[in-house]
Amino acid sequence: MMARKASQRAALRSWRAIRPLVAGSSLVVALAACTSASRSTSDSFRLLFNRGVEATPVQVAANRYPQIQLRAPDMSAVMVLGYVDDGQQVWYAGREAVFHLDRDGLVTSTSGNGRQIATRIVGDSPFHDLAKVTTPVKVQRQYDATPAYAVSVPVTGTLTRHGTDKVEILGRQMQLVRFEEQLQGGGIGATNLYWADATTGFIWKSRQHLAPGYAVELTQLKPYRTAQD
């Protein structure tokens, strides 16, 4: 029992050691991929999006690549899709920050400034068919963080469907279903929020906690779509 409590305290200390992923006075979109398309995308956004600048419909329409507005405690930027690898979408934000999203719109990992955070759902994921979630459902998660040496930290979420909210994205008013996921465990006591299409379950906007005290807000400006979507 004493050993287990010591292990839990060590995990909490590891989580608290996590610092903001990216810091800088000028946070703009800059892709790390080496393709000409990536360089072109980087150049097209470099002078448009700095800290606190909001994307406009004209700016988003002017670039043909998928885009997501990112807001975090330490940065605000427009992420651009770099590539898709085995279903994982790789998005670039800032000079060193990279975010991985799955096809359901959940952040699965992020890296930057020498640190990495990863999160995964263990077992069945209700987000695969979010539109059909009508009663509360448990979501078992695990988190990793380096160099904080936190590995497979268990967190339990309770996902609940609520009413519809009016959400404005690039001047467009959308009626979206709000889902709330209460998180408990591993030093996290917080709520993830998701605003999704009532028919398809596509998440247009979300607020996701990646670590204690560190949450990111994502808004789909120009979503990435596959042939199956």
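**Exercise 1. The second largest cavity**

Task: Determine which residues line the second largest cavity of this predicted model, and which strand gives the largest share of that lining.

Solution.
Step 1. List the lining: Leu106, Val107, Thr119, Arg141, Tyr143, Asn192, Tyr194, Gln208, His209 and Leu210 surround the second largest cavity.
Step 2. Assign strands. At least two lining residues each come from strand S7 (137-146), strand S10 (188-196) and S11. The largest share belongs to S11, with 3 residues.
Step 3. Sort by class. The lining holds 5 nonpolar, 4 polar and 1 charged residues.
Step 4. Give the volume: about 40 Å³ of space lies in the second largest cavity.

**Exercise 2. The largest cavity**

Task: State how many cavities of 30 Å³ or more the whole structure contains, then describe the lining of the largest cavity.

Solution.
Step 1. The search of the whole structure returns 2 cavities of 30 Å³ or more.
Step 2. The largest cavity encloses about 50 Å³ of space.
Step 3. Its lining consists of Ile68, Leu101, Gly105, Ile203, Trp204, Lys205, Ser206, Leu218, Thr219 and Gln220.
Step 4. Strand S11 (203-211) and strand S12 (214-222) each contribute at least two of these lining residues. S11 gives the largest share, 4 residues.
Step 5. By class, the lining of the largest cavity divides into 5 nonpolar, 4 polar and 1 charged.

**Exercise 3. The barrel**

Task: Work out the order in which the strands close into a barrel, and whether the pairing is parallel or antiparallel.

Solution.
Step 1. Follow the pairing: 12 strands close into a barrel in the order S1-S2-S3-S4-S5-S6-S7-S8-S9-S10-S11-S12, with antiparallel pairing.
Step 2. Add the angle. On average, neighbouring strands of this sheet are turned by 25 degrees against each other, direction ignored.
Step 3. Recall the bonding: strands of a sheet pair through backbone hydrogen bonds.

**Exercise 4. Strand pairs and their bridges**

Task: For the pairs S1 with S2, S2 with S3, S5 with S6, S7 with S8 and S8 with S9, find how many bridges join the strands.

Solution.
Step 1. Strand S1 (residues 67-72) is joined to S2 by 6 bridges, and the two run antiparallel. Within this pair, Arg71 stands opposite Ser76. The hairpin from S1 to S2 passes through 2 residues.
Step 2. S2 and S3 are antiparallel and share 5 bridges. Val80 faces Tyr92 in S3 as its opposite residue.
Step 3. Between strand S5 (residues 107-112) and strand S6 (residues 115-121) there are 4 bridges, again in an antiparallel arrangement. Ser109 has Ala118 in S6 as its bridge partner.
Step 4. S7 and S8 pair antiparallel over 8 bridges; Gln140 has its bridge partner Thr156 in S8.
Step 5. S8 and strand S9 (residues 172-185) are antiparallel and pair over 12 bridges. Here Thr164 stands opposite Val177 in S9.

**Exercise 5. Positive phi values**

Task: Locate Asp86 and Ser152, and decide for each whether the residue is buried, partly exposed or exposed.

Solution.
Step 1. Set the background: most residues other than glycine have a negative phi.
Step 2. Take Asp86. Its phi is positive, near 55 degrees. Asp86 lies in the loop between strand S2 (75-85) and strand S3 (88-93). That loop is the turn of a hairpin with 2 residues between S2 and S3.
Step 3. Asp86 counts as exposed because its relative accessibility is 78%, and the cut-off for exposed is over 50%.
Step 4. Take Ser152. Its phi is also positive, near 55 degrees, but Ser152 sits in strand S8 (residues 150-169).
Step 5. With a relative accessible area of 32%, Ser152 is partly exposed.
Step 6. Add a residue in another turn: the S8 and S9 hairpin has 2 residues between its strands, and Leu170 in that turn has a positive phi of about 55 degrees.

**Exercise 6. The nonpolar cores**

Task: Name the residues of the largest nonpolar core that touch the most other members, and the strand that supplies its largest share.

Solution.
Step 1. The largest nonpolar core has 27 residues, of which Leu70, Met79, Phe99, Val216 and Leu218 touch the most other members.
Step 2. S2 supplies the largest share of this core, 4 residues.
Step 3. A second core, separate from this one, has 12 residues, including Val60, Val167, Ile169 and Trp204.
Step 4. Compare with the largest cavity: Leu218 of the largest core and Trp204 of the second core both appear in the lining of that cavity.

How values were computed. Residues are numbered from 1 along each chain as its sequence is written. This is a predicted model: local features need pLDDT of at least 70, side-chain atom pairs count only at pLDDT 80 or more; totals for chains, interfaces and linings use all residues. Side-chain values use heavy atoms; hydrogens and water are left out. Two strands pair if DSSP finds at least two bridges between them. Axes are lines fitted to C-alpha atoms, for helices over the stretch in contact, and angles run from 0 to 180 degrees between N-to-C directions. Buried means under 20% relative accessible area, exposed over 50%, partly exposed in between (1.4 Å probe, protein chains only). A nonpolar core is a set of buried Ala, Val, Leu, Ile, Met, Phe, Trp, Tyr and Cys residues joined through side-chain atoms within 4.5 Å. On a 1 Å grid over the protein atoms alone, a cavity is a set of points where a 1.4 Å probe fits but cannot get out, and a pocket is an open set with protein on both sides within 12 Å along at least five of seven lines; lining residues have an atom within 4 Å of a point. Grid points are joined across faces, edges and corners, and a volume is the space filled by probe spheres set on the points. Ala, Val, Leu, Ile, Met, Phe, Trp, Tyr, Cys and Pro count as nonpolar, Asp, Glu, Lys and Arg as charged, and the others, Gly among them, as polar.
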